[in-house]
Amino acid sequence: MSNLQFQNDLDRLVEILPARIKQYVACANMDDVIEIVIDIGRPPEIRHADGKIEYLGEENIVYEDIEYITSRVQEFTSDNRSGIPGTLHRISAIRNRQGKVVGLTCRIGRVVTGTISCIKDICLQNKSILFLGRPGVGKTTKLREISRLVADDLAKRVVIVDTSNEIAGDGDTPHPAVGHARRMQVRQPEYQKDIMIEAVENHTPEVIVVDEIGTEAEAQAARTIAERGVMLIATAHGNSLESLIKNPTLSDLVGGIQSVTLGDDEAKRRSSQKTVLEREKQPTFDIVIEILDRNTLAVYKNTAEAVDYILRGWPIRPELRKVDKTYEFENTQVLQAKIPTVIDKINALDEKIEHPESLKFSFSRQKYVEEVKKFKKIYLYAVSRSIAEKVIERLDLNAEITRNIDDANIVIAHKNFVKGGAKVLSTAEENRLQIFYVKTNSMAQIQKVIKEALDIAELNERQTFYDITEKALDEAKIAIEKILAGAPDVELKPQSTQIRKLQHELVEQHNLESKSVGEGESRHLRIVGGKDFKNEKTG
């Protein structure tokens, strides 16, 4: 929104103020003002975003001033809120015991753009997001901008469940700040849960936006929406994820908590008491974002993992993002150092060897070269974590130890403790995880089982294969150079079937012909210099 548009909106708020307050507002710097506060028996004041309070003159507010304002706005709803149609401004009333208005808070609504640029990549992932933060930190502002982004840029069907017209402004027409998102007004806050369900059942949304989930019924409605496959963007009462977990009313938003009694062995393995708190179910929201201040956000990209860590007392660090920076989409999976693949080594070799541009590798070796196994997460049960981590580090394996069985690809358990780990093993079976057993907690035994679990060859065998492949392809490159220079047929040294396939592919990429000749261990490649020979590629 342009500065001119905001100024016009601000003028519409100033118009409802008594003349003597208008003259002070006209002289004040309103750029960072968030509220105009009017209370009986006190001078009016304006509150700035940095916490500074500025008093407008010394004359106290009287009932006539309050009545002047209330007569120019729509009737207050049951939650004592009103607004100015077509704007984002909100007027909230404070009443005495007899129900008479004795104070007003005029909240200045602004359309601030760019506040979600640092989390735009997250908003595009089609995952449900929950915002937490203290009042006035900008939660509703971000909901407004996300609504416009998803509705306009992604062309999704967005429905805003707007309690007290907080997000899309007062009046029957939603404010332009929410783009093409539709808005369902909530007459009274206690009906918000019903409108949330109604929105899903009647208007086939792809995305629902809700501000201030604050009751158990609303939390249950949010879970119902998420389970129907609708993306949910919402805010909730709470400054942090940890405080939300401890809130019995809203903890269901992040999976809820339950008390679990562990067996003796499991309690000993965890170094914890026998009765512990654990997450009860999958969270309603995939991602939780804490708004620390107007310029800093803390992002938990995996709510389930974050809650598990907090409940077990393990340290977890959210990703901190600054509003004035942009972030590209990243695969959040942590990649450890891995053994170079044949492809990595050949590409490195390709850069070192001097040869014509036509000899650069351009074919797809992935079809023939065995790739390093995908990154694995291993869950240990009664197995020494320190020894397992040493094995992974020493062998430079593409794996890591995880404390959460839901994230694991493989389970390694101690055979002597199978009975005590019935729950862990049943969970592994439910998730269809492979389970491998060690007999003792010795280095040799754990190393053997980890290598078996990851299905890896001995390092010396693998390294030998790398070295032979490099030399064989180097030899083929030199032979190709000779053929291009006019040499007759060139025969290469005997190689295995897999390496000969790579050599054939390289020759073919340079429009030359080759065939495998010889028998058994003597079988090798012949690159043909003449053009009358028909290419044969027999393994």
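This predicted model holds 24 salt bridges. Three of the pairs look like this:

| Pair | Closest N to O distance |
|---|---|
| Arg81 and Glu166 | 3.4 Å |
| Glu201 and Arg228 | 3.7 Å |
| Arg312 and Glu278 | 4.0 Å |

Take Arg81 and Glu166, joined by a salt bridge. They link distant parts of the chain, 85 residues apart: Arg81 is in strand β4 (residues 81-83), while Glu166 is in the loop between β8 (158-163) and β9. Both Arg81 and Glu166 are buried.

Glu201 and Arg228 are 27 residues apart, with Glu201 in helix α6 (residues 192-203) and Arg228 in the loop between α7 (216-227) and β11 (231-236). Arg228 counts as partly exposed, at 45% relative accessibility.

Arg312 belongs to helix α10 (residues 303-312) and Glu278 to strand β13 (residues 275-279), so their salt bridge ties together parts that are 34 residues apart in sequence. Here Arg312 is partly exposed at 28% relative accessibility, whereas Glu278 is buried at 13%.

There's also a salt-bridge network, made up of Asp121, Lys301, Glu319 and Arg321.

Now for the strands. Arg182 sits in strand β9 (residues 182-186) and is exposed, because its relative accessible area is 52% and the cut-off is over 50%. Beyond its close sequence neighbours, Arg182 is in contact with Val158, Val159, Ile160 and His203.

Elsewhere, an open sheet of three strands runs in the order β21-β23-β22, with antiparallel pairing. β21 (490-491) and β22 (513-517) are at the edges with a single partner strand each, so one side of each has no neighbour in the sheet. Two bridges join β21 to β23 (residues 524-528), and Val490 has Ile527 of β23 as its bridge partner.

Notes: Residues numbered from 1 in each chain as written. Predicted model: local features only at pLDDT ≥ 70, side-chain atom pairs only at ≥ 80, totals over all residues. Heavy atoms only, no water. Helix = DSSP H or I, 4+ residues; strand = E, 2+ residues; numbered from the N terminus. Buried < 20%, exposed > 50% of the residue type's maximum accessible area, 1.4 Å probe, protein only. Contact = heavy atoms within 4.5 Å. Pairing = 2+ DSSP bridges. Salt bridge = Lys/Arg side-chain N within 4 Å of Asp/Glu carboxyl O. Lists of a residue's contacts leave out its neighbours within four places in sequence.
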